[in-house]
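Visitor: I have a model open in front of me, and I'd like to go through its contact surfaces with you. Could we take them one at a time?

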Amino acid sequence: MTRISPPPGQKIIYLFLIFLGGFILYVDINTNNFQIIKNGFNSFQISTHFFIKSFSIDPIMDFKNHFQFKNKLIKENKELHTALEKSYVEKYLISQDSKFFKDKKFLEEELDQNNLNKPFYMAQLKNLDPNIFNCCDKHRIHIQLLTKSNESLIEGVVFNSSGVIGHIIHEMNYKEVMLLTDVSHSLPIKNVSEDFYCNARGSGMSDYIICNYNPLISIKEMEIGQNFLTSGFGGIYPKDIKIGILEDIKVIDSNNIELNIKLSSNPLDSILFGVINF
Amino acid sequence: MKNYIKVIFIIAIINFIELSISNALSKAYIIFPLTFLFYSYYVYKSDENINPIEAFLFGLFVDLISNSYFGLSAILFCLMTYLINIYSNSFKLFSNLQICIFFGLSAASYVGFTQLIVNLYNFSYLTLLVSAVFNIFFCIFIALISMYSGNLINIRK
């Protein structure tokens, strides 16, 4: 059948829809107006996935396990694995590198000084698209708390056994976490000798954040392998948490030097996370 | 209506396949917009002109399921539908190779535009070039299969 070229009326509709699409795109990039729809769809997608899995794959797997008399062993193994991952997260929290709390006495002092009377929450990974590390500037994951929380955890710091990975930006059924590598994420950092401060932004690539500075203003010499810590200036992340090491220095021009900092934390390291709100 | 549901269902499956293989392909600097290519093929093979509102809604649906910015695919799907509708009769004069190059380059344009929006900070011309070559060869491959074994999927209205 011969197709006719679009008549002028239809061309106007095309033009209108393209402008409408452009407007929607502009609004979505610059505001969070469509976040509810996206989060709702994500929640639906995750719930459907788990629902279907629980009625299709899981019974088959359970039957198989039961048949092989290994289900008890597998359950115990899962519990041990969860407990081990939980202990890794807790270990990080009380480790020497972390300044969350060093020991019980330090914890009590911190509680008194900073009103840190809030507990930390354990959370489980619900959704992570690994493609984001290869294609996109927007690096987000979704987590779900294992215990109920009545307080708002927006801007709560999320960490796993390898270190701080980001902070919560939205909360509905699941909490949306903006990772340190998201290009719209900004993290105030400093070097160990505390004579260099900058705001590191996400690089859009996994494991790296980028810090730009003007060498005419800051004359500090940078060395590869230098450690960087959080400065605590942003008000979200606590001070003196190890973030990563300097891996590359790029001179963009006479006014701009770019530092590539390799993060010590990796969100793919474990499926359990700690969430703490300062 | 039945046809729309069928197309939406196929788009959802193809989008799932696209997202599943994109991680592996990205290591070879290839971005493969399978959903866009399928939609272009659907418009191209359709006996009637596709309504612009239909194109826009399909685009919005793809934006939703692929978790990208709303409006991004909607604009590009509208543009592609418009182009194919305009040249629908001219395509009959073109050789299969020319049509494959057209769809391959359209897919490369789609990749370029989406990368400018979602991955501006790590935009790579190498990825764009490799993707263009890959997409053209993919279209030629599909055309060869269609020629020697008939239509793969009957999605005509």
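Guide: Gladly! Buried area is the accessible area (1.4 Å probe) that two parts lose on being put together, summed over both. This is a predicted model, where local features need pLDDT of at least 70 and side-chain atom pairs count only at pLDDT 80 or more, while totals for chains, interfaces and linings use all residues. Residues are numbered from 1 along each chain as its sequence is written, chains are lettered from A and ligands numbered from 1 in the order in which they are written, and side-chain values use heavy atoms, without hydrogens and water.

Visitor: What area do domain 1 and domain 2 of chain A bury between them?

Guide: An automatic or database assignment splits chain A into domain 1 (8-55) and domain 2 (105-278). Carbon and sulfur atoms make up 54% of the area they bury, and the total is about 820 Å².

Visitor: How many salt bridges are there between chain B and chain A?

Guide: Here 40 residues of chain B meet 36 of chain A, contact being heavy atoms within 4.5 Å. A salt bridge needs a side-chain nitrogen of Lys or Arg within 4 Å of a carboxyl oxygen of Asp or Glu. Across this interface the count is zero.

Visitor: Which helix gives the largest share of the side of chain B that touches chain A?

Guide: Helices are DSSP runs (H or I, at least four residues), numbered from the N terminus. Helices 1 (2-26), 2 (34-45), 3 (52-65), 4 (72-86) and 5 (96-118) of chain B each supply at least two residues to that side. The largest share, nine residues, comes from helix 4 of chain B.
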